[in-house]
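I sat down with my coffee and opened a fresh page for this chain. Here is what I looked up, in the order I went through it.

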Amino acid sequence: MKGILSGTGVALVTPFKADGSIDFDSLANVVDFVIKGGVDYLVALGTTAETPTLSFAERKQVLETIVEQNNKRVPVVVGIGCNNPIEVKEQFHLFDFSQIEAILSVTPYYNRPQQRGLIGHYESIASQSPRPVILYNVPSRTGVNIEAETTLYMAKHLPNVIGIKEASGNMGQIMHILHQCPENFSVISGDDALTLALMACGVQGVISVVANAFPAAIVDMVKAAGKGDFEKARQIHYRLLDITNACFMDGNPSGIKAFLFKQGLIDNHLRLPLSPVKNSTLELIEKLLKQW
């Protein structure tokens, strides 16, 4: 499983039409675009997919569209998580897992659990999950951080927990996990801007937002870093840096959707409470694409 989670994963957007409905044709086009760009696996129904604004029926349709369009070309990971482990386990019955490799499950938000509560949450989920579980640590969104020792405990004692997407931005914490985790446990960058630095420390790759619009460049950077060619990886990283910053300037996925809109892949619509980037950011994005 560690090999499957190596390289570049892409946290797919969910395109919408002007009336707020899901644009399944554009979603299929984005799937083709990133696969042709060389990504190693797809991540459906993550943060970037605006999953909290999707009904359960829509989530099922989105995943079915991604799986069908993918047609077994690359592995698929699906995001299933919330602040209630009972609800997470109920969601396992919504989906067809026959072509799903793993589940990405975010830390429980709003509740602000203790570290022992986090362990209990993931132990409950992993014991009933139909696929291996990847922890998703993103404290800037959830209000809770999985501490390094907590991650290491789960890596060593919960056999169905096979990796972590680390988006804490805490380099010391991530290095501690990398230094102490079991050989078969995957540590994945969840922050585009830090991917190069984290790969130098030993992470297996990235689940990228930027790869929606620039898949080939992210793939090339990750492959170069994986081979130890950090001179080439740095060149790509710095070429992408202004683009990466612009992606998150007005929040995610507003920024990446603006890039995809200007590339002609999707319309520039989001569901409330999110909104499109402001005009000045859109002008910057257009300028960066022309320079690219």
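These entries go from the nonpolar cores to a helix pair and then to one serine.

**Entry 1: the cores.** I kept in mind that this is a predicted model. I began with the largest nonpolar core, which holds 85 residues. Which of its members touch the most others? My lookup returned Leu42, Leu63, Val187 and Phe259. I then checked which helix gives the most to this core, and found H9, residues 215-226, with seven residues. There is also a second, separate core of 15 residues, and Leu5, Val43, Val77 and Ile162 are among its members. As background, I jotted down that nonpolar side chains in soluble globular proteins tend to be buried together.

**Entry 2: Leu42.** I listed the contacts of Leu42, leaving out residues up to four places away in sequence. Val10, Leu12, Val31, Val34 and Ile35 are on the list, and so are Ile66, Asn70, Val74, Pro75, Val76 and Val77. I was pleased to meet Val77 again, since Leu42 touches it and Val77 is listed in the second core.

**Entry 3: H9 against H10.** Next I followed H9 to its partner H10, residues 230-249. How do the two helices pack? I read an angle of about 150° and axes 8 Å apart. Because the cut-off for roughly antiparallel is over 145 degrees, H9 and H10 fall in that class. The crossing of H9 past H10 is left-handed. On the H9 side, I noted Ala217, Ile218, Asp220, Met221, Ala224 and Ala225 in the contact. H10 brings Phe230, Lys232, Ala233, Ile236, His237 and Leu240.

**Entry 4: His237.** I stopped at this histidine, which sits in helix H10. Is His237 buried or exposed? Its relative accessibility is 12%, so His237 counts as buried. Beyond four places in sequence, His237 touches Ala193, Leu196 and Met221. Met221 is one of the H9 residues in the helix contact.

**Entry 5: Ser189.** I finished in strand S7, residues 186-189, where Ser189 is found. Ser189 counts as buried because its relative accessibility is 1%. Which side chain makes a polar contact with the side chain of Ser189? I found that of Thr195, at 3.1 Å. Thr195 also appears in the contact list of Ser189, together with Lys165, Glu166, Leu194, Leu198, Val203, Gly205, Val206 and Ile207. For one last distance, I took Ser189 and Gln99, which lie 90 residues apart along the chain, and their C-alpha atoms are separated by 24 Å.

Key
Residues are numbered from 1 along each chain as its sequence is written. This is a predicted model: local features need pLDDT of at least 70, side-chain atom pairs count only at pLDDT 80 or more; totals for chains, interfaces and linings use all residues. Side-chain values use heavy atoms; hydrogens and water are left out. A nonpolar core is a set of buried Ala, Val, Leu, Ile, Met, Phe, Trp, Tyr and Cys residues joined through side-chain atoms within 4.5 Å. Buried means under 20% relative accessible area, exposed over 50%, partly exposed in between (1.4 Å probe, protein chains only). Helices (H or I, at least four residues) and strands (E, at least two) are DSSP runs, numbered from the N terminus. Contact means heavy atoms within 4.5 Å. A polar contact is a pair of N or O atoms within 3.5 Å; within protein, one must be able to donate a hydrogen and the other to accept it, and residues adjacent in sequence count only if both atoms are side-chain atoms. Axes are lines fitted to C-alpha atoms, for helices over the stretch in contact, and angles run from 0 to 180 degrees between N-to-C directions. Angles under 35 degrees count as roughly parallel, over 145 as roughly antiparallel, 65 to 115 as roughly perpendicular and the rest as oblique. A crossing is left-handed if the near helix is turned anticlockwise from the far one by less than a right angle, and right-handed if clockwise.
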